[in-house]
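The following explanation leads through a single protein chain, from its sheets to its nonpolar cores and its cysteines. Please keep the sequence and the coordinates at hand while reading.

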Amino acid sequence: MALLTWLCLAGLYAADHGQYLYDTVFNIDCGGYKNFTNKFNQTWMSDRFYTGGAPGLVSEPHIFEQEQEKTLRFFPIAMGKKNCYIVNVPEGRYYIRTFFVYDNYDSRKHTPSFDVSVEGTLVFSWRSPWLETNSRKGAYSDLFVFVRDGEATVCLYSIATDAPVIGSLEIIQVDPLSYGSSSNQQNVILVNYGRLTCGSDSFGPGFSNDTDRFGRAWQSDYTFSQSTAMKRPLSTRNPIKSTDQAHDYFPLHLYQTALTLVSIAPLEYTLPVDTRLDYMIWFHFAEIDPTINAPGQRVFDIIINGKNIHRMDIFKEVGSFTALRWQYTVSNLSKSTISIELNPVSGIPLISGLENYALVPMDLATDHAEVVAMRALKQSLRIPDRMGWNGDPCAPSTWDAWEGVTCHYNKDRTALVITQLDLGSQGLKGFISEQINVLSHLVSLNLSSNILQGSIPLGLGHGSLKTVDLSNNQLIGTIPDSLGSWQLQLVLLSNDNLEGQVPENLYSIGVRGGTIK
């Protein structure tokens, strides 16, 4: 099943080149200790916004051309299995680009296994051993995602006891209507599986001074083009109409180059994919050959996975030296590649660029009020770093929740909620924040055998709580009436420093067959 969308850049958007409304940019040199501006006029900031870890340096800094690629941050298991970068940003859509490198920084010759999530959704997985080129020189990955809670969150999750690593992190605000986005697409992350410039060297940040408002890097199509006929790159310095315009702001340079063939033959590409996902493919065209000056002179069929999808005549659609784009969504894949063939009908096919994005559904997040409450508890209970209480308490659902935390879906399955806190014998030395009462879905609470001080929050016991164990601490004050709530089945308060009368309704738990100590 495929969804076909025809989009022409020419005349659709009236963009004001003097006004670009999206100016939130964070280029973070992970492990770096100073701010700097690189040769491409990108401003990088020293490492910040992380929840833990330590800085590191690649073992062969001389092989890395860019300053931010020479340093990294690693997260030992002593810091917990889950660590994050959490950056306060305006709500909106963001282009997030990561750089991961190992290069034997720790002299152990063992590349780590870890997962990466963005906004609580698993997006990248690294498994040992890495490819040699990725281990030594690093690799970039990027995506587009909506941030709706004012925090761009990128988390790394250790597999076994390996220490995750990250070399750099870029977070760039983009037009929320880019890539055909609408309100019903805000729950999907576009993960880049190939962004190609055809007939050209790689360009964009890290490759050249060519500008891309979104910070996109465009990779040469050299290794992806499978055509057996002799290739013929084209280029022009002429201006191309309908470039760098809302909402996608595709750069001028993308359409000033193209790939065609010397003789009439199919122009073919093979794109690697994960068969579990659907993919959105964007085709970029511009007729930059001045000998093509009328409709019908260059016509070709676009064939995807053997299926003839569309007949293309660039000049007929927009004329010459004008940008044109076309988008197609592929689903129900049965093999790990997508084949693309531009099959000639009249003349020789031509293409300027290709983009392939996996459509990754966003995982459900923890209810926002409960996230705030859990952060307050993290501070008040003085949760140790080794427990990894970072990022979303419950998401991604494919990972374990925070240590000692159990989560379930809420009643209408629109969010994840906290149902159990099992933090007994963890050496906790703080106090119980009143924010614990926000956890209205909490069924079981065990804070026993710690060194907690202060009083029991008023209201604790209401909601869904069935068992409460606060025994063997240093709690003071009186027992709140709420601990006699009708739904409670077990209340343990022994070996604390509580005083005053025991509320009468607390005894009713025993009458109902429950346990009180």
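Two strands are said to pair if DSSP finds at least two bridges between them. This criterion underlies the description of the sheets below, and the model to which it is applied is a predicted one.

One open sheet consists of three strands in the order S5-S6-S13, with antiparallel pairing. Strand S5 (54-57) and strand S13 (165-166) each have a single partner strand and stand at the edges, so one side of each has no neighbour in the sheet. S5 and strand S6 (residues 71-74) run antiparallel and are joined by four bridges. Within this sheet, Pro 55 stands opposite Arg 73 in S6.

A further open sheet has four strands, ordered S19-S24-S21-S22, and the pairing is again antiparallel. Here strand S19 (267-272) and strand S22 (307-312) take the edge positions; each has a single partner strand, so one side of each is left without a neighbour in the sheet. On average, and with direction ignored, neighbouring strands of this sheet are turned by 20 degrees against each other.

The pairings within the four-stranded sheet can be followed residue by residue. S19 is joined to strand S24 (residues 337-346) by six bridges, and the two run antiparallel. In this arrangement Tyr 269 stands opposite Ile 340 in S24. On the other side of the sheet order, strand S21 (residues 299-304) pairs with S22 over five bridges in the antiparallel sense. Ile 302 has His 310 in S22 as its bridge partner. S21 and S22 form a hairpin with two residues between them, and Asn 305 in the turn has a positive phi of about 50 degrees.

Attention now passes from backbone pairing to side-chain packing. In soluble globular proteins, nonpolar side chains tend to be buried together. The largest nonpolar core in this model comprises 103 residues, of which Tyr 269, Phe 283 and Phe 285 touch the most other members. Strand S20 (residues 278-285) makes the greatest contribution to this core, with six residues. A second, separate core of 35 residues includes Ile 383, Leu 421, Leu 442 and Leu 483.

The surroundings of Phe 285 illustrate the packing in detail. When neighbours within four places in sequence are set aside, the residues in contact with Phe 285 include Tyr 255, Phe 300, Ile 302, Met 312 and Ile 314. Further along the sequence, its contacts include Thr 322, Ala 323, Leu 324, Trp 326, Leu 350, Ile 351 and Ser 352. Ile 302, one of these contacts, is the residue whose bridge partner in S22 is His 310.

How many disulfides does a search of the whole structure find? The search finds two. Numbering the bonded cysteines in sequence order gives the pairing 1-2, 3-4.

One disulfide joins Cys 84 to Cys 155, with an S to S distance of 2.1 Å. The link is right-handed, with 100 degrees about the S-S bond. It connects distant parts of the chain, since Cys 84 is in strand S7 (residues 82-88) and Cys 155 is in strand S12 (residues 151-158), 71 residues apart. Both Cys 84 and Cys 155 are buried.

The surroundings of Cys 155 include Ser 117, which is in contact with it. Ser 117 is found in strand S9 (residues 114-118), and its relative accessibility of 1% makes it count as buried. With neighbours within four places in sequence left aside, Ser 117 also contacts Leu 122, Val 123, Thr 153, Val 154, Pro 396 and Trp 399.

The other disulfide joins Cys 394 to Cys 407, with an S to S distance of 2.0 Å. Is this disulfide left-handed or right-handed? The torsion about its S-S bond is about -80 degrees, so the disulfide is left-handed. Cys 394 lies in the loop between helix H4 (368-380) and strand S26 (405-409), and Cys 407 lies in strand S26, so the pair ties together parts that are 13 residues apart in sequence. Cys 394 has a relative accessible area of 5%; because buried means under 20%, Cys 394 is buried.

Cys 30, by contrast, is in no disulfide, and the nearest cysteine sulfur, that of Cys 84, is 13 Å away. Cys 30 is buried, with a relative accessible area of 0%. Cys 198 is likewise buried, with a relative accessible area of 0%.

Methods:
Residues are numbered from 1 along each chain as its sequence is written. This is a predicted model: local features need pLDDT of at least 70, side-chain atom pairs count only at pLDDT 80 or more; totals for chains, interfaces and linings use all residues. Side-chain values use heavy atoms; hydrogens and water are left out. A nonpolar core is a set of buried Ala, Val, Leu, Ile, Met, Phe, Trp, Tyr and Cys residues joined through side-chain atoms within 4.5 Å. Buried means under 20% relative accessible area, exposed over 50%, partly exposed in between (1.4 Å probe, protein chains only). Contact means heavy atoms within 4.5 Å. A disulfide is a pair of cysteine sulfur atoms within 2.5 Å. Axes are lines fitted to C-alpha atoms, for helices over the stretch in contact, and angles run from 0 to 180 degrees between N-to-C directions.
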